[in-house]
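Dear colleague,

I am handing over the structure below, and after it I set out what was found. Please read the notes with the model open beside you.

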Amino acid sequence: MGFFDKIRASFARFMSGRYGADQLSLAMVVTALVLTLAGSLLGLFLLTLLADALLIVAFVRMLSKNRYQRAHENQVYMEKTQKMRRAVTEWFNRVKNSKKYRYFTCPKCRARLRIPRGVGNVTITCKNCGEKFDKKA
């Protein structure tokens, strides 16, 4: 067994029974990184101090053995940020598929609809409310 294998095995023993990283911990670490950069660039010591506190809380969560409580905290975080995460995902998909599709919003129910580019003038029927409207793709 090599040196790095021994280190890996000892780290695995140390982390056994601990909660580890989850979405909330990752968000805390990323936020701390952004706050650290902003604090450094703006010269605000308070932001750097806040970032350090956030990192400490994130690592305490990762090393915690109270798995049930940490999972509950993560579940609450995921529920509270669901709309924002969905909006960001939809925006990325729209940008990624912008060469293939045109996106429209239904004037009645505000649903997001897509049609292939290059089909000319088309009558779009909303799948949610059945509203029909004309657009140029």
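To begin with the cysteines, the structure holds 0 disulfides. Please keep in mind throughout that this is a predicted model.

Two of the cysteines show what lies behind that count. The sulfur of Cys126 has its closest cysteine sulfur in Cys109, at 3.5 Å, and because a disulfide requires the two sulfur atoms to be within 2.5 Å, this distance is too far for a bond. The sulfur of Cys129, for its part, is 3.6 Å from the closest cysteine sulfur, which belongs to Cys106, and that is likewise too far for a bond. As for their surroundings, Cys126 counts as buried, with a relative accessibility of 3%, whereas Cys129 is partly exposed, at a relative accessible area of 31%.

On the surface, there is a nonpolar patch formed by Met84, Val88, Trp91, Phe92 and Val95, which together have about 540 Å² of accessible area. One of these residues, Val95, lies in helix α5, which spans residues 82-96, and Val95 is partly exposed, with a relative accessible area of 44%.

Regarding confidence, the protein averages a pLDDT of 92, and 100% of the residues score at least 70. Confidence is lowest in strand β4 (residues 132-136), where the mean is 85, and highest in helix α4 (residues 67-80), where it is 96.

With best regards

Technical notes. Residues are numbered from 1 along each chain as its sequence is written. This is a predicted model: local features need pLDDT of at least 70, side-chain atom pairs count only at pLDDT 80 or more; totals for chains, interfaces and linings use all residues. Side-chain values use heavy atoms; hydrogens and water are left out. Patches are made of residues with over 30% relative accessible area and no salt bridge: like charges are joined within 9 Å, nonpolar side chains (Val, Leu, Ile, Met, Phe, Trp, Tyr) within 5 Å. Accessible areas come from the Shrake-Rupley method with a 1.4 Å probe; for residues, only the protein chains shown count as cover. A salt bridge is a side-chain nitrogen of Lys or Arg within 4 Å of a carboxyl oxygen of Asp or Glu. Helices (H or I, at least four residues) and strands (E, at least two) are DSSP runs, numbered from the N terminus. Buried means under 20% relative accessible area, exposed over 50%, partly exposed in between (1.4 Å probe, protein chains only). pLDDT is the predictor's confidence in each residue, from 0 to 100.
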